[in-house]
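Hello,

Here is the structure I promised to pass on to you. Please open it beside this email, and then read on for what turned up in it.

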Amino acid sequence: REKKKGNAPPYYVDRVRFWHVPDASAESLQGFVYDNIDHSATVMTDGWAAYRGIETWGYKHIDVTENEDLKPGEVLPYIHQIFGILKNWINAIHHGVSQQHLQTYLNEFAYRFSGRFEPFETWGMMLQISTGVKAPTYDDIYSVAKGGDYAHLAGLEDEDFWDEWPW
């Protein structure tokens with residue numbers, strides 16, 4: 001989003017989404033991009049080789065390390081700041097988390113971070129989600145360790161559900 005007021009940077013991050021990928025391979029990272037970013041979007045990356053080839057799915061790919069008009073320090077500091085906030089939140093508040101629970105904590109942080117400017121809208125979104133999805137059990141949530149999907153995300157991929165929300 002564009003700057004609103006004061007001495008804030010010219011842009012800020014509005015919403016984030018995290019997914020605990022098994023490694024930094026092209027298969028893992030491009031899979032996340034494919035599943036979570038609109039295929040007509042522009043994707044800016046830091047030059048990591050695993051991102052090469054995402055153009056084949058319709059993305060406009062900008063590698064900030066190869067673009068003379070963009071300075072990585074001006075474009076990508078936001079993601080590093082977000083990761084720093086996330087690490088502090090996990091370590092200071094929760095004193096670390098296990099691999100088994102990491103995705104759940106990432107989801108909570110994304111929810112809190114993405115709703116920090118609009119608390120009432122975030123509350124409404126939480127109510128809408130909670131009434132439209134069956135509550136999972138503990139075993140359902142962590143069935144991913146057994147090769148399943150995260151139950152607390154099931155049903156939210158329905159486009160009609162998100163289209164009804166006034167983003």
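**What turned up**

Let me start with the rings: Phe-18, Phe-83, Trp-89, Tyr-105, Phe-109 and Phe-113 are linked into a cluster by ring pairs. Please keep in mind that this is a predicted model.

**The overall picture**

The protein has seven helices and two strands. Following the sequence, you will meet them in the pattern α-β-β-α-α-α-α-α-α. There are 167 residues, and 26% of them count as buried. The accessible surface comes to about 11,700 Å², and carbon and sulfur atoms hold 55% of that surface. If you take the contacts with a separation of 6 or more, 44% of them are between residues 24 or more positions apart.

**Back to the rings**

How many aromatic pairs does the structure hold? There are six. A pair of aromatic rings is described by the distance of the centres and the angle of the planes. Here are two of the pairs, both involving Phe-18.

In the pair of Phe-18 and Phe-83, the ring centres are 6.2 Å apart and the planes stand at 45°, so this pair is tilted. Phe-18 sits in the segment before α1 (26–36) while Phe-83 belongs to helix α3 (residues 77–93), so the pair ties together parts that are 65 residues apart in sequence. Are these two residues buried or exposed? Phe-18 is buried, because its relative accessible area is 10% and the cut-off for buried is under 20%. Phe-83, with a relative accessible area of 37%, is partly exposed.

Phe-18 also forms a tilted pair with Phe-109, at 5.8 Å centre to centre and with 55° between the planes. This pair again links distant parts of the chain, as Phe-18 is in the segment before α1 and Phe-109 is in helix α4, 91 residues apart. Both Phe-18 and Phe-109 are buried.

Another member of the cluster to look at is Trp-89, which you will find in helix α3. Trp-89 has a relative accessible area of 15%, so it is buried. Leaving out residues up to four places away in sequence, Trp-89 touches His-94, Tyr-105, Glu-108, Phe-109 and Arg-112. Try finding Trp-89 and Phe-109 together: they are 20 residues apart in sequence, and their C-alpha atoms are 8.3 Å apart in space.

**The nonpolar cores**

In soluble globular proteins, nonpolar side chains tend to be buried together. In this structure, the largest nonpolar core has eleven residues: Val-16, Phe-18, Ile-82, Leu-86, Trp-89, Ile-90, Leu-102, Leu-106, Phe-109, Ala-110 and Phe-113. Two elements, α3 and α4, give two or more residues to this core. Which of them gives the largest share? That is α4, with five residues. One of the core residues is Phe-113; setting aside neighbours within four places in sequence, Phe-113 is in contact with Val-13, Asp-14, Val-16 and Ile-82.

Apart from this core lies another one, of seven residues, including Leu-29, Val-33, Ile-54 and Tyr-59. Ile-54 also appears among the contacts of Gln-30, a residue of helix α1. Gln-30 is buried, as its relative accessible area is 10%. Beyond four places in sequence, Gln-30 is in contact with Ala-50, Tyr-51, Arg-52, Ile-54 and Trp-57.

**Polar and charged side chains in α4**

Gln-103 lies in helix α4 (residues 99–114). With 1% relative accessibility, Gln-103 counts as buried. What does the side chain of Gln-103 reach? The side chain of Gln-103 reaches the backbone nitrogen of His-20, at 2.8 Å.

Side chains of opposite charge can pair when their charged atoms come close. The count here is one salt bridge. Arg-112 makes the salt bridge with Glu-108, and the closest N and O atoms are 2.8 Å apart. Both residues lie in helix α4, four residues apart, which is about one turn of the helix. Arg-112 is exposed, with a relative accessible area of 51%, whereas Glu-108 counts as partly exposed at 27% relative accessibility. Both Glu-108 and Arg-112 are also touched by Trp-89, so you can find them from the ring cluster too.

Happy exploring, and best wishes!

Definitions and conventions: Residues numbered from 1 in each chain as written. Predicted model: local features only at pLDDT ≥ 70, side-chain atom pairs only at ≥ 80, totals over all residues. Heavy atoms only, no water. Buried < 20%, exposed > 50% of the residue type's maximum accessible area, 1.4 Å probe, protein only. Polar contact = N/O pair within 3.5 Å; in protein donor to acceptor, adjacent residues only side chain to side chain. Contact = heavy atoms within 4.5 Å. Areas by Shrake-Rupley, 256 points an atom, 1.4 Å probe, with all protein chains shown as cover. Phe/Tyr/Trp six-rings, centres within 6.5 Å; stacked < 30°, edge-to-face > 60°. Salt bridge = Lys/Arg side-chain N within 4 Å of Asp/Glu carboxyl O. Core = buried A, V, L, I, M, F, W, Y, C linked by side-chain atoms within 4.5 Å.
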